[in-house]
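Trainee: Could we go through this structure one question at a time?

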Amino acid sequence: MTNTTWNTILETIKEHGIVHLTLIDPDPHKQTPKDAAQIAKLAEQAGSNGIMVGGSTAFGIIDETLQKIKREVHIPVILFPGNVSGLSRFADAVFFMSLLNSRTTYWIVDVQTLGARYIKQFNLEPISMAYLIVDPGGTAGYVGDARLIPRHKPEIALGYALAAQYLGFSMVYLEAGSGADNAVPLPMVEAVSKYLDIPRAVGGGITTPKEAAAVAASGADIIVQGTIVERTIREDGGKSLSNTIQAIQKAKQKS
Ligand code: 1GP
């Protein structure tokens, strides 16, 4: 097993200071696999560095969605599974996540135990990720039974993030929840970034280029966007996304 996807992500962080990942929820109520593949293709053309496929309530059409996406893009396609049912042999890699601030052992270690043999069988590259859900948390917070990290307590987020690093995780992901009204607070991103050596991904409720740039300038290495990409890409073919990607790269050059 070669760590191709993770190495590509690390190399892109080294080269551009930042990675942009586009999240596609393979939900038949949102879009068909064909539409998902079209979104992925336009996202790649706009400069996104990878496609994440998954969601807290994703079901049913994951294999088909992945097969169609893989036909359209050259960038890595990474699973972002909401459960064992979110695994598929048709991706390049999987974010092997532990929801460290869950109240329930299922989301911390049991679901990973149930899924691990499939990852081996499917020959997926696992990328270990500490998943930390910040208030308001959205569906992920609800489904994952998270003890949401309070927005005004960056030190709690830092404690979890350092614990993740010391436990050997490859990266941490600060998640405010898909479609959140407010993204992860910048002082929290700053506090975590100041002391952490492993990459920080930040996602949930990041909408405008300006907002994304501020998150990047605060120390995020990976920015994840889903809702806004799915929405705008239909309207402008990827123009807004391309603006966002330019804005985050510029923010990194300055910081
Ligand atoms: C995925 O929460 C992110 O983990 C995506 O959030 O849909 O708000 O971009 P958005």
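Ligand site and selected residues

Mentor: The residues around the ligand are Leu23, Phe80, Tyr173, Glu175, Gly177, Ser178, Gly179, Gly204, Gly205, Gln225, Gly226 and Thr227; a residue is counted as near a molecule if one of its heavy atoms lies within 4 Å of it. This is a predicted model, in which local features need pLDDT of at least 70 and side-chain atom pairs count only at pLDDT 80 or more, while totals for chains, interfaces and linings use all residues. Residues are numbered from 1 along each chain as its sequence is written, and side-chain values use heavy atoms, with hydrogens and water left out.

Trainee: How many residues of each class are in the shell around the ligand?

Mentor: Ala, Val, Leu, Ile, Met, Phe, Trp, Tyr, Cys and Pro count as nonpolar, Asp, Glu, Lys and Arg as charged, and the others, Gly among them, as polar. Sorted in this way, the shell around the ligand has three nonpolar, eight polar and one charged residues.

Trainee: How far is an oxygen atom of the ligand from an N or O atom in the side chain of Thr227?

Mentor: Polar contacts are pairs of N or O atoms within 3.5 Å; within protein, one must be able to donate a hydrogen and the other to accept it, and residues adjacent in sequence count only if both atoms are side-chain atoms. Two backbones supply such pairs to oxygen atoms of the ligand: a polar backbone atom of Gly204 at 3.4 Å, and a backbone N or O atom of Gly205 at 2.8 Å. For the side chain of Thr227, the distance from its N or O atom to a ligand oxygen is 2.4 Å.

Trainee: What share of the accessible area of the ligand does the protein cover?

Mentor: Accessible areas come from the Shrake-Rupley method with a 1.4 Å probe, and for residues only the protein chains shown count as cover. On its own the ligand has 310 Å² of accessible area. The part covered by the protein is 98%.

Trainee: Where is Ser88, and is the residue buried or exposed?

Mentor: Ser88 lies in the loop between β3 (77-81) and β4 (93-99); helices (H or I, at least four residues) and strands (E, at least two) are DSSP runs, numbered from the N terminus. Buried means under 20% relative accessible area, exposed over 50%, and partly exposed in between (1.4 Å probe, protein chains only). Because its relative accessibility is 1%, Ser88 counts as buried.

Trainee: Which side chain is joined to that of Ser88 by a polar contact of 2.7 Å?

Mentor: A polar atom of the Ser88 side chain lies 3.0 Å from the backbone nitrogen of Phe90. The contact of 2.7 Å is between side chains, and the partner of Ser88 there is Asp63.

Trainee: What is the omega of the peptide bond from Asp135 to Pro136?

Mentor: Pro136 is found in the loop between β5 (125-133) and α5 (138-143). Its relative accessible area is 40%, so Pro136 is partly exposed. The peptide bond from Asp135 to Pro136 is cis, with omega near 15°.

Trainee: How far apart in space are Pro136 and Ala176, C-alpha to C-alpha?

Mentor: In sequence, Pro136 and Ala176 are 40 residues apart. In space, their C-alpha atoms are separated by 6.0 Å.

Trainee: Why is Asn123 counted as exposed?

Mentor: Asn123 is in the loop between α4 (105-121) and β5. Its phi is near 55°, a positive value in a residue other than glycine. Asn123 is exposed because its relative accessible area is 56%.

Trainee: What is the phi of Asp145?

Mentor: Asp145 has its place in the loop between α5 and α6 (154-167). At 29% relative accessibility, Asp145 counts as partly exposed. Its phi is a positive value in a residue other than glycine, near 50°.

Trainee: Is Lys252 buried or exposed?

Mentor: Lys252 lies in helix α10 (residues 239-254). The C-alpha atoms of Lys252 and Ala217 are 5.9 Å apart, with their positions 35 residues apart in sequence. Since its relative accessible area is 16%, Lys252 is buried.

Trainee: What distance separates the C-alpha atoms of Thr139 and Lys252?

Mentor: Thr139 is found in helix α5. Along the chain, Thr139 and Lys252 are 113 residues apart. Their C-alpha atoms are separated by 30 Å.
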